[in-house]
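Student: I am new to this structure and would like a close look at a single part. Please take one chain and describe how its parts are arranged.

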Amino acid sequence: MQRMKATELRAQIEDFTAAYVECLDTDHLEEWPDFFTERCIYKVIPYENAALGMPIPLIYGDSRGMLRDRVVAHRNANFFAPHLYRHLVGRVRIVGEESGVISARANYAVFRTTLDPSDYGRSELFSVGVYQDKIVFENGQPRFLEKIVVVDTSQIPTLLVTPL
Amino acid sequence: MSGLTEIQGAQRNGHRTIDPTRVPYRVFTDPELYAREQEQLFRGPTWNYLALEAELAKPGDFRANFIGETPVFVTRDAKGELHALVNRCAHRGAMVCREVRGNRKNMVCPYHQWSYDLNGTLRGVPFRRGINGKGGYPADFNLAEHSLTPLRLATYRGLVFGSFSDSVAPLPEYLGPAMREHLDTIFNRPITVLGFTRQLIHGNWKVYAENNKDPYHGSLLHMFHATFGSYRSSQDGGMVVNGAHSKMIALRAEETQEVSAYTQESVGSFSKTLKLADPSLLASRPEFDRFTTTIQFLFPTLVVQQISNTLATRQIVTLGLDRFELLVTYFGYQDDDAELREMRIKQANLIGPAGLISLEDGYAVELVQRSVSYDKRATSFIELGGRGTGDQDSLVTETAIRAFWKAYGELMGLQWGDAADESYGTARAD
């Protein structure tokens with residue numbers, strides 16, 4: 001990669017990552033599947049399983065439709081304490097590019113603030129881990145071909161319903 | 001003395017046993033009761049789930065776990081024999097096994113490097129004779145007297161259990177024929193472990209025990225299937241009860257029975273049925289006759305679950321009066337083809353801490369714990385399906401919850417008082 005191009009690409013990927021977490025943190029979940037390609041992988045997996053080479057995920061979708069279904073369930077079916085997320089994402093590092101597929105990594109931390117009556121306004125470190133992303137450009141728009149979220153916080157506090 | 005006293009001694013008010021239809025909420029909030037459970041229940045005449053044998057396939061494999069709050073670990077020694085040991089050095093109490101799982105030839109305590117065989121026998125201690133004739137252990141020091149504390153260990157169909165009790169019934173008898181029959185079905189051939197999830201729930205462990213014995217909430221709290229119209233169980237099924245053990249069996253509905261009780265009673269959001277954009281989520285293969293869901297609770301801390309093609313053990317690990325970890329171990333069979341394996345992995349979306357049909361349970365437990373924390377004299381109302389504690393061929397019943405409290409009350413040896421008395425379940429200082 002040429003120097004200028006690499007800098008520009010990284011800026012684009014960082015903006016994309018920032019927009020992704022803002023979508024989740026501002027509860028625009030209906031827009032969340034659009035960050036992915038039609039056929040995609042979104043997988044949230046505990047560190048414990050990733051380290052053991054075991055496949056069981058916490059959340060797994062292999063199409064934008066499956067991600068939409070999760071949002072519909074979130075809005076209509078699932079029952080949980082209302083809450084806010086705040087993602088803090090570390091510096092995005094681009095680790096490779098092959099045939100137009102950019103591989104990138106970034107550490108994340110998510111603070112969850114509870115909004116139900118018994119714990120209103122209580123924040124906690126909810127999840128910390130790493131994003132392992134494969135990104136492609138579709139008509140100039142970056143999208144996740146694959147987003148693997150390896151969750152160091154294998155012990156999930158209460159439940160995980162809003163995507164990471 | 002505050003709290004609950006033993007059943008021995010003075011009889012009072014005629015009702016000495018718990019009324020399983022009116023359980024005082026203080027069972028979830030009394031620290032004395034919790035401490036007593038650790039001794040009389042977890043370290044008492046019970047068999048506690050420790051691991052799947054599949055996790056301990058090779059000599060040298062080990063797995064750390066807990067019975068109640070007591071740290072323990074299981075090993076497979078060089079001869080292939082399994083051992084369960086208290087995870088506490090015989091010297092000054094340090095935790096010996098410091099990894100969740102792994103493979104080792106022996107266990108060395110990091111504090112002073114006391115070295116143990118995988119069966120818990122002490123093999124060596126540093127500076128036993130001191131240095132240059134000074135210090136060291138007395139001449140009568142005997143390695144053989146300082147082994148790790150062993151537990152009784154028993155396996156059934158590849159499930160490993162441990163017990164602190166010399167008097168507990170042999171494991172098959174403890175489980176009973178009806179519970180064994182189900183394990184025979186689920187563990188009918190060699191399994192392979194597919195992964196783990198862990199969930200920290202801020203509630204008393206018995207709130208979750210009740211949850212697993214409660215088919216009533218299944219389709220009312222967990223609305224995923226109803227929302228997407230994918231619900232295929234017509235609530236056909238039943239509860240099989242053996243004391244504090246139970247199993248819930250939900251049967252696949254015949255095609256003609258798809259209209260369930262929800263539509264008639266307009267429960268929740270069933271009226272506006274939505275469609276899955278990607279139904280591959282629910283792709284499944286029938287495996288167990290007409291069972292769609294079986295939830296087996298093996299007292300005190302194990303749940304064996306089969307929901308569609310998801311197979312798992314769930315272990316309750318107590319972390320205090322109002323906290324427990326739920327450790328789920330997912331498995332398939334060694335002879336699964338690629339398609340079935342993929343189904344199990346995809347269906348993992350449905351269960352566990354982020355499960356589309358299960359994530360509510362963590363929150364439900366916390367809702368109970370929060371609201372019972374103050375009014376300790378209040379009781380729950382457990383009369384769905386009558387007041388009995390036997391098997392029922394219905395899922396609209398709380399029979400297994402009643403049976404649980406009855407058995408729990410007996411095992412804990414408590415005097416509960418008269419249910420009509422407002423001090424029911426509270427202090428007795430006769």
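Tutor: What follows is a walk through chain B, and then its contact with chain A. The model is predicted, and the description should be read with that in mind.

Start with the division of the chain. Chain B falls into domain 1, residues 48-156, and domain 2, residues 173-409. Between the C-alpha centres of domain 1 and domain 2 of chain B there are 36 Å. The two domains touch through 9 residues from domain 1 of chain B and 14 residues from domain 2 of chain B. On the side of domain 1 of chain B that touches domain 2 of chain B, strand β1 (residues 48-52) of chain B gives the most, with 3 residues. That side of domain 1 of chain B is made up of 5 nonpolar, 2 polar and 2 charged residues.

Strand β1 of chain B also belongs to a sheet. This open sheet of chain B has 7 strands, in the order β1-β10-β9-β4-β3-β2-β5, with antiparallel pairing. At its edges are β1 and β5 (101-103) of chain B, each of which pairs on one side only. On average, neighbouring strands of this sheet are turned by 30 degrees against each other, direction ignored. One pairing can be followed residue by residue. Strand β4 (residues 82-86) of chain B is joined to strand β9 (residues 150-156) of chain B by 2 bridges, in the antiparallel sense. There, A84(B) has L151(B) in β9(B) as its bridge partner.

Now take a pair of helices. Two packed helices are described by the angle between their axes and the distance between the axes. For helix α4 (residues 205-212) and helix α9 (residues 360-372) of chain B, the axes come within 9 Å and cross at roughly 125 degrees. Because of that angle, α4(B) is oblique to α9(B). The crossing of α4(B) and α9(B) is right-handed. From α4(B), the residues V207(B), Y208(B) and N211(B) take part in the contact, and they meet D361(B), A364(B), V365(B), V368(B) and Q369(B) of α9(B). By class, this contact of α4(B) with α9(B) has 5 nonpolar residues, 2 polar and 1 charged.

A detail of the backbone comes next. Most residues other than glycine have a negative phi, and most peptide bonds are trans. The bond that joins F299(B) and P300(B) is a cis peptide bond, with omega about 5 degrees. P300(B) sits in the loop between β14 (291-298) and β15 (302-307) of chain B. A positive phi is found in chain A, where D27(A), a residue other than glycine, has a value near 65 degrees. D27(A) lies in the loop between α1 (3-25) and β1 of chain A.

That leads to the contact between the chains. In it, 36 residues of chain B are in contact with 33 residues of chain A. On the side of chain A that touches chain B, at least two residues each come from β1 (36-46), α2 (47-52), β2 (59-63), α3 (64-76) and β8 (155-157) of chain A. The largest share of that side comes from α3(A), with 7 residues. Sorted by class, the side of chain A that touches chain B holds 21 nonpolar, 9 polar and 3 charged residues. Strands also pair across the chains: β8(A) and strand β11 (residues 191-201) of chain B run parallel and are joined by 3 bridges. In β11(B), R198(B) is the bridge partner of Q155(A).

Conventions: Residues numbered from 1 in each chain as written. Chains lettered and ligands numbered in written order. Predicted model: local features only at pLDDT ≥ 70, side-chain atom pairs only at ≥ 80, totals over all residues. Contact = placed C-beta atoms within 7 Å. Helix = DSSP H or I, 4+ residues; strand = E, 2+ residues; numbered from the N terminus. Nonpolar A, V, L, I, M, F, W, Y, C, P; charged D, E, K, R; others polar. Pairing = 2+ DSSP bridges. Axes fitted to C-alpha atoms, helices over the stretch in contact; angles between N-to-C directions. Parallel < 35°, antiparallel > 145°, perpendicular 65-115°, else oblique. Left-handed = near helix turned anticlockwise from the far one by under 90°. Domains from an automatic or database assignment.
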